[in-house]
Protein chains: 2
Amino acid sequence: MSVDATVTPESWDEQLRESGLRVTAGRRAALEFLDDHPHSSAADILAGLSDDIPSISAQSVHNIVHDLTRHELVRRIDLPDSGSARYETRTHDNHHHVQCVVCGRIEDVDCVVGHAPCLTPDDVHGMTVLTAEITFRGVCPECEPTLRDRDPQY
Amino acid sequence: MSVDATVTPESWDEQLRESGLRVTAGRRAALEFLDDHPHSSAADILAGLSDDIPSISAQSVHNIVHDLTRHELVRRIDLPDSGSARYETRTHDNHHHVQCVVCGRIEDVDCVVGHAPCLTPDDVHGMTVLTAEITFRGVCPECEPTLRDRDPQY
DNA sequence: CTCGTAGTTTTGAGTTCATCAAAATATTGG
DNA sequence: CCAATATTTTGATGAACTCAAAACTACGAG
Ligand SMILES: [Mn+2]
Ligand SMILES: [Mn+2]
Ligand SMILES: [Zn+2]
Ligand SMILES: [Zn+2]
């Protein structure tokens, strides 16, 4: 059983350089944090990085995720509720998400097709469809009892 | 050729009353406006209603769409870009949307299945999937030339 | 028809998330 | 190590939405 070593902690430095971005403590820490905590908000990242980098500011986190998103080292996702944008290091695999309507928990859902667009609808008003962003909404196992309490007919 | 008369302007009043909501000028006007201008934002609605109801406030529009959404007379949609939430009178038909990445134009896309959830992925981490919100992203016919100018390899 | 009450709108303030701009600082090639 | 330029920080600003209380209105009871 061998672990895929294409994404080691140090490789973030390489990926940053390959994108023409300078290697900074904030960017490296943000990438490491997002790899460990997918679907984090800018505020989550700020909180997660403040211990290691006390000087980091909210504005810096926004700058960082913006730059990393633009160079496709991270992916930005905007889920229906969830107030703020979320970020993750899983890019280029066209995966989707399932979100618990009770607790907000977010999990990845592999794309059945594996490439964009994974669906092709009938009538798209003449538009050329590039991607299909899918957000499944449901109830996670932990929240099912909660929901049954509130609405026994479930 | 007969027009479906199930949704006449006056029927908004009935639908409001059936939901236990009082019939007010703002609510009636908002429903009429949204029926004519689907996928409008709260700001769009405010602008569209200000002529007829000069006293209307931004807060009122938020109250109105919130109440109408809660009683399912309108549907709220949150699209990836687009900053603000959008609203429409087409409810209960589980339809989806296609959005032009250049100009932001939004169009309806009928659900192929016709009922939620229209997709059932393999692994959803034990969650019970209720709905699948799909946003197709692409380029509309009007914007294709623009895109070709910027990036000739298209 | 009038009145009273609960529902609704308005007014005003406040929050969160994100952006813009300029000064301070750090990275990196030479 | 230095200079050039990218990045971070600081500070201000904006957009969308929410909260709370006062003013107003729809509508059913009388
Ligand atoms: Mn993901
Ligand atoms: Mn629609
Ligand atoms: Zn849950
Ligand atoms: Zn377009």
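**Notebook: DNA strands and metal sites**

I started at DNA strand D: 18 residues surround it, and A:R27, A:S55, A:S60, B:Q59 and B:A85 come nearest. I counted a residue as near a strand if one of its heavy atoms lies within 4 Å of it.

Ground rules, noted early. This is a predicted model, where local features need pLDDT of at least 70, side-chain atom pairs count only at pLDDT 80 or more, and totals for chains, interfaces and linings use all residues. Residues are numbered from 1 along each chain as its sequence is written, chains are lettered from A and ligands numbered from 1 in the order in which they are written, and side-chain values use heavy atoms, with hydrogens and water left out.

**Strand D**

I looked at which part of the DNA faces the protein. Of the strand D atoms within 4 Å of the protein, 64% belong to sugar or phosphate; the rest belong to bases.

Next I listed polar contacts (pairs of N or O atoms within 3.5 Å; within protein, one must be able to donate a hydrogen and the other to accept it, and residues adjacent in sequence count only if both atoms are side-chain atoms). B:R22 places a polar side-chain atom 3.0 Å from a base nitrogen of strand D. A polar backbone atom of B:V23 is 3.1 Å from a phosphate oxygen of strand D. A backbone N or O atom of A:S57 lies 3.4 Å from a phosphate oxygen of this strand. Two elements give two or more residues to the surface near strand D: α4 (58-70) of chain A and α4 (58-70) of chain B. I take helices (H or I, at least four residues) and strands (E, at least two) as DSSP runs, numbered from the N terminus. α4(A) gives the most, with 4 residues.

I sorted the surface near strand D by class: 5 nonpolar, 9 polar and 4 charged residues. Here Ala, Val, Leu, Ile, Met, Phe, Trp, Tyr, Cys and Pro count as nonpolar, Asp, Glu, Lys and Arg as charged, and the others, Gly among them, as polar.

**Strand C**

I then turned to strand C. It has 18 residues around it, the closest being A:R22, A:Q59, B:R27, B:S55 and B:S60. B:R27 has a polar side-chain atom 2.5 Å from a phosphate oxygen. The side chain of B:S55 has an N or O atom 2.7 Å from a phosphate oxygen. At B:S57, a polar backbone atom is 3.4 Å from a phosphate oxygen. α4(B) gives the most to this surface, with 4 residues.

**Manganese ion (ligand 1)**

I looked up its donors (N, O and S atoms within 2.8 Å of the metal, or 3.2 Å for Na, K and Ca; water is not among the atoms, so sites may look incomplete). A:H39 (NE2), A:E88 (OE), A:H95 (NE2), A:H97 (NE2) and A:D108 (OD) coordinate the manganese ion at 1.9 to 2.3 Å. A:H39 lies in the loop between α2 (25-36) and β1 (40-41) of chain A, and A:H95 in the loop between β3 (86-88) and β4 (96-100), so the pair ties together parts 56 residues apart in sequence.

I checked burial (buried is under 20% relative accessible area, exposed over 50%, partly exposed in between; 1.4 Å probe, protein chains only). A:H39 is buried at 8%. A:H95 is buried at 1%.

**Zinc ion (ligand 3)**

A:C100, A:C103, A:C140 and A:C143 coordinate the zinc ion through SG at 2.2 to 2.3 Å. A:C100 sits in strand β4 of chain A and A:C140 in the loop between β6 (128-139) and α5 (144-150), 40 residues apart. Both A:C100 and A:C140 are buried.
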